[in-house]
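Subject: Structure handover and notes

Dear colleague,

I am passing on the structure we spoke about, with my notes on it underneath. Please read the notes with the structure open beside them.

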Amino acid sequence: MVEALLQVKDVTKRFGGFVALDAVNVDVFPGERLGLIGPNGSGKSTLVNCISGTLRNESGSILFDGADIRGLPAHQRTRRGIARSFQIPKPFKSMTVLENLAIPLEYAAREWAHPSQVIDDAMAILTQIGLEQKANERSNGLTQIELRKLELARAMAAKPKLLIADEAMAGLSSNEVDDILSLLLMLNEHGITIIMIEHIMRAVMRFSQRIVVLDAGRKIADGTPEDVVRNPAVEKAYLGE
Amino acid sequence: MRKSPVPFLIFIVVAAALGLAATRLIGNQYYYFAAYVVLQYVVLATGWNILGGYTGYVNFGVAGFFAIGAYTSVVLIKLIGAPMPVLILAGGIVAGLVGLGTGYLTLRLKGVFFSIATLALAIVLQTFVTNWDYVGGSRGVYTIRPREVPFFGNYVEFLFITMLLLALGAVAAAWLIERSWIGRGLAAIRDDELAAEAMGVPTLRLKLFATTVSGFMMGIAGAPYPYYVTYLDPASGFSLAYAVNSVAMPLIGGTTSWLGPVIGAVLLGTLQQVATVTISSALNLLIVGVNLVMFVTVAPDGILGLAREFSEGRPGRRAAIAAMILGILAGDSGIAITGAAGTGWLQLLGIAIPLLTIVGGGLALVRPGAGGVMMLASAVATGAVFGLDPVTAIPVVIGAVGGGLAYVSRLRGGAPAGDQALKNA
Amino acid sequence: MEFHQIIEAFLACAGGDCGNFNSILDLLANALVAGLLLGGFYAAVTVGVTISFGMLDIVNIAHPAFIMLGAFVAYFVNQTFGVDPIVIGVAFTPVFFVLGMAIYRIYYTSFEKRGQESIRGLAFFFGVLFIGEVALILTFGVDYRSVDAGYIGTSVNLGVVGLPMRLFVPFVVSMTMMVLLELFLGRTFFGRAIKAVSQDRLALQLMAADPAHIKELAFGLSIATASVAGSLLIIIGPVEPSIGRDYIGRVFAICVLGGMSSVPGTVIAAIIIGVAESFTSTFYGPSWSPAIAFGLLLLVLAVRPAGLLGR
């Protein structure tokens with residue numbers, strides 16, 4: 001039995017009186033493609049924030065690569081191999097596309113790289129996602145889909161073991177969704193474990209080997225896409241009684 | 001990303017050489033007094049900018065750090081008669097440590113609370129010093145300059161060279177930080193702290209670095225001050241003028257590069273020195289305040305940003321930028337010239353009219369027509385009220401030319417391209 | 001006044017001789033009352049920032065400049081026409097309201113729209129603060145100015161405690177203003193809209209109410225309070241233009257301590273600061289009181305209550 005790369009055990013997160021996550025348990029295995037879905041407000045982003053370190057969970061534990069990462073600030077979790085993209089792209093607006101990638105390449109890296117190596121690595125990633133033409137353009141001049149791609153590229157530049165894609169396809173056209181989807185599939189082929197949070201069902205169904213469903217802070221389903229789709233609790237969560 | 005360090009090094013060497021040469025050639029002491037203040041502001045502005053411009057955290061308590069440097073000197077001079085290098089190092093270290101401490105307590109909070117905390121710190125420090133008799137308390141303390149100093153004719157020249165070296169050192173440090181991976185990390189924090197942290201940037205550690213270095217620089221700026229001013233009291237050591245200048249100079253010069261604070265400090269500092277001769281020092285604050293508000297509202301990237309826009313821009317836009325620069329020149333020189341004229345109503349007019357020129361200049365950047373009208377009107381008014389002799393003609397002519405350029409800009413579509421919303425506001 | 005003197009007096013009283021102790025109690029009582037009254041006034045000064053900073057997230061560090069403007073307007077009209085300063089303060093609220101709206105317009109167009117409000121917005125208000133102070137210096141000079149009103153200088157005695165009218169009247173006016181504001185925010189449409197803006201900007205936009213318009217009115221309201229607060233300031237004591245600087249810190253300290261966007265919170269925090277300053281002044285001398293508000297604030301910030309955290 002392969003040990004899980006990420007183990008979320010009994011994680012609870014409160015905001016004042018509001019319980020955003022209620023004893024959530026999720027295991028993610030190396031090389032897996034996991035879909036994380038649930039109605040709005042079910043706690044998906046909160047879970048991502050707790051895993052990445054932006055938020056601290058009150059109770060429960062999170063183990064990554066066998067080690068307890070509670071208490072580690074977000075930047076150290078990134079250095080250990082957890083990378084996430086943001087739902088609403090947050091580019092470094094004063095920098096060019098290339099410079100945006102240089103930040104994670106320089107800071108999340110586990111060993112030092114010569115500046116020219118950094119540029120080479122950055123260009124390689126940009127070429128992979130199709131943004132190499134825009135390398136020296138200011139990031140605040142990009143289109144929506146380009147910003148989404150940059151967001152993913154930045155997470156890729158952190159050379160993660162686990163990549164969490166937080167609604168990377170929201171608001172994109174059908175072709176653009178396919179673009180991002182093939183990108184994520186390619187990354188997974190290179191060995192990166194991916195958690196995809198999405199509302200676009202056809203993408204989640206095609207992408208995921210396994211789906212976890214959250215509702216009102218609790219996990220209500222955990223199985224293959226076919227199983228989850230037929231799960232009455234899931235249907236109730238999305239459609240009501 | 002890699003630019004040759006040679007031009008910058010040449011700049012440093014030339015500046016140092018010019019400064020040394022000046023002490024041999026210029027005999028009038030007044031210039032050294034004035035230059036000292038301008039150079040002091042180069043250090044303060046550069047120090048402020050490392051935390052403000054590079055990292056995005058506004059420090060209002062500049063006076064506190066400056067005064068730490070000054071009062072550490074007072075203590076060391078009284079205790080052991082320490083020489084200048086020791087004073088500078090000590091002042092910097094103490095101020096740097098205080099910066100580190102303040103940062104540690106408050107940098108986990110949102111930026112605006114850090115800013116409020118820096119203000120709090122300055123006032124608390126001032127209260128302590130006011131009640132500390134060893135350094136003179138509210139009565140102040142006298143510091144006697146050494147009679148003999150090697151190499152230089154007198155002590156004031158020595159102070160000038162000291163501050164020149166400190167300024168060059170500060171600028172070199174800023175340049176190094178800017179080019180380094182630390183500088184890139186700070187920029188990431190400034191642009192989006194949450195994303196930076198998620199991308200592996202140790203934000204707290206870098207912010208603490210920035211506060212410490214910034215505090216250190218502001219401290220070394222204050223260390224020679226007791227010798228410069230000879231009589232130091234909390235009111236002058238903790239003056240809020242340090243804060244407003246240290247904020248204004250980088251914002252006016254440009255915050256993303258080491259050159260911005262230098263430009264801002266030299267321009268604004270020189271202007272204030274000239275103005276102090278002709279008008280009261282309260283008006284210095286007015287000049288700083290008006291220029292600050294003007295730049296921050298219409299030219300947020302400062303003079304460096306305007307220079308960049310000028311080199312990339314369409315002719316209409318260039319005319320607008322030129323109009324703004326001229327308007328500010330006319331207005332600032334006007335305040336110094338006509339603001340000195342007479343008392344009462346005449347003086348108020350001598351200040352109000354050039355202020356309109358400045359406002360007109362700024363307006364020319366976003367609404368060339370209105371700005372041009374304002375500049376031409378105030379040029380005419382200046383001439384009408386104060387007559388046209390060779391001195392008062394300066395603001396009148398510059399203002400009129402600027403107004404004309406604003407009209408040229410309007411005719412050639414000089415309003416900012418992406419700012420249609422401003423026109424409809 | 002030193003602590004050991006208090007202890008000695010207490011021990012003496014326990015032994016039967018209560019003369020010294022009684023006079024110390026008198027001192028304490030008067031300090032307490034003065035602090036309460038002053039604190040009440042501080043609430044009037046701060047509530048504008050409670051609105052602009054606490055509710056609208058606009059760091060109007062220039063608020064003290066508007067207070068000073070209000071004080072000098074009251075001075076000018078009072079000396080020229082002999083009108084009671086409080087009447088002037090209230091009468092000029094529409095003018096200050098419009099001024100506030102204009103300032104917000106500029107702030108919104110230049111900063112909020114472009115998303116640059118952090119550094120540059122702050123610097124903008126900082127500049128306005130200085131422009132305000134210097135404008136007052138140019139117009140009125142650096143001398144202290146005061147107003148004439150019948151009740152200033154009189155005092156009512158309640159037992160051992162003296163109630164100076166110059167403190168009591170501003171206290172009453174300030175409390176009245178607090179009550180009115182709290183009612184306005186809680187019971188009227190615009191008041192509740194302002195509260196809504198402070199809590200969820202996006203939701204408000206989705207409800208087709210324009211936050212910018214509401215914020216404009218709210219900011220106008222915030223500056224309007226400065227008109228009244230300024231008139232109260234000059235009743236309490238003579239003013240000169242640079243006094244505003246003492247209030248920058250106090251105002252933000254009280255706002256933060258009071259929980260940011262709560263009017264009752266502001267009142268409580270203001271009274272605490274007022275009393276703390278008063279006691280410090282009585283026992284340690286007035287040169288320590290500037291540090292009180294700020295010292296408390298630094299303490300609170302260091303201990304980091306929830307709501308102030310960046311994440």
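I begin with a single pairing in chain A, where Val8(A) has Ile62(A), in strand 4 of chain A, as its bridge partner. Please keep in mind throughout that this is a predicted model. The pairing belongs to a longer run, since strand 1 (residues 6–15) of chain A and strand 4 (residues 59–64) of chain A are joined in the antiparallel sense over five bridges. Both strands sit in an open sheet of four strands, which has the order 2-1-4-5 and antiparallel pairing. At its edges are strand 2 (18–28) and strand 5 (67–68) of chain A, each of which pairs on one side only.

Chain A also holds an open sheet of six strands, in the order 6-7-8-3-9-10, and here the pairing is mixed. Strand 6 (82–85) and strand 10 (218–223) of chain A each have a single partner strand, so one side of each is left without a neighbour in the sheet. From one strand to the next, the twist averages 20°. Within this sheet, strand 3 (residues 33–37) and strand 9 (residues 210–215) of chain A run parallel and are joined by four bridges, and Leu34(A) stands opposite Arg210(A) in strand 9 of chain A.

Two helices of chain A that pack on the six-stranded sheet deserve a look. Helix 1 (residues 44–52) of chain A touches strand 3, strand 6, strand 7 (162–166), strand 8 (193–197) and strand 9 of chain A, and its direction makes about 150° with that of strand 7 of chain A. Helix 9 (residues 232–239) of chain A touches strand 9 and strand 10 of chain A, with its direction at about 130° to that of strand 10 of chain A.

Taken as a whole, chain A has nine helices and ten strands, and its C-alpha trace spans about 55 × 40 × 40 Å along its principal axes. Its radius of gyration is 18 Å, which agrees with the value near 18 Å for a compact globule of 241 residues. Of those 241 residues, 45% count as buried, and among the contacts in chain A with a separation of 6 or more, 65% are between residues 24 or more positions apart.

Turning to chain B, there are 20 helices and two strands, and the C-alpha trace spans about 65 × 55 × 45 Å along its principal axes. The radius of gyration of chain B is 22 Å, again in agreement with a compact globule, for which 425 residues would give a value near 22 Å. Buried residues make up 58% of the 425 residues in chain B, and of its contacts between residues at least 6 apart in sequence, 76% join residues at least 24 apart.

How do helix 1 (residues 6–25) of chain B and helix 6 (residues 155–179) of chain B pack? Their angle is about 175°, with the axes 10 Å apart, and because an angle over 145 degrees counts as roughly antiparallel, helix 1 of chain B is described as roughly antiparallel to helix 6 of chain B. The residues that meet include Phe8(B), Ile12(B) and Leu20(B) in helix 1 of chain B, and Phe160(B), Leu164(B) and Trp175(B) in helix 6 of chain B. By class, the residues of this contact are eleven nonpolar, two polar and one charged.

As for the contacts between chains, 22 residues of chain A are in contact with 19 residues of chain B. Helix 2 (74–80) and helix 3 (97–107) of chain A each give two or more residues to the side of chain A that touches chain B, and helix 3 of chain A gives the most, with five residues. That side has eleven nonpolar, five polar and six charged residues.

Between chain B and chain C, 43 residues of chain B are in contact with 38 residues of chain C. Helix 5 of chain B supplies the largest share of the side of chain B that touches chain C, twelve residues, and this side divides into 30 nonpolar, eleven polar and two charged residues.

Finally, a note on chain C: His213(C) lies in helix 10 (residues 211–236) of chain C, and His213(C) is exposed, with 12 other C-beta atoms within 10 Å. The C-alpha atoms of His213(C) and Tyr104(C) are separated by 9.9 Å, although these residues are 109 residues apart along the chain.

With best wishes

Notes: Residues are numbered from 1 along each chain as its sequence is written. Chains are lettered from A and ligands numbered from 1 in the order in which they are written. This is a predicted model: local features need pLDDT of at least 70, side-chain atom pairs count only at pLDDT 80 or more; totals for chains, interfaces and linings use all residues. Two residues are in contact if their C-beta atoms, placed from the backbone, lie within 7 Å. Ala, Val, Leu, Ile, Met, Phe, Trp, Tyr, Cys and Pro count as nonpolar, Asp, Glu, Lys and Arg as charged, and the others, Gly among them, as polar. Axes are lines fitted to C-alpha atoms, for helices over the stretch in contact, and angles run from 0 to 180 degrees between N-to-C directions. Angles under 35 degrees count as roughly parallel, over 145 as roughly antiparallel, 65 to 115 as roughly perpendicular and the rest as oblique. Two strands pair if DSSP finds at least two bridges between them. A residue is buried if 20 or more other C-beta atoms lie within 10 Å of its own, exposed if 12 or fewer, and partly exposed in between; C-beta atoms are placed from the backbone. The radius of gyration is taken over C-alpha atoms; the globule rule is 2.2 Å times the number of residues to the power 0.38.
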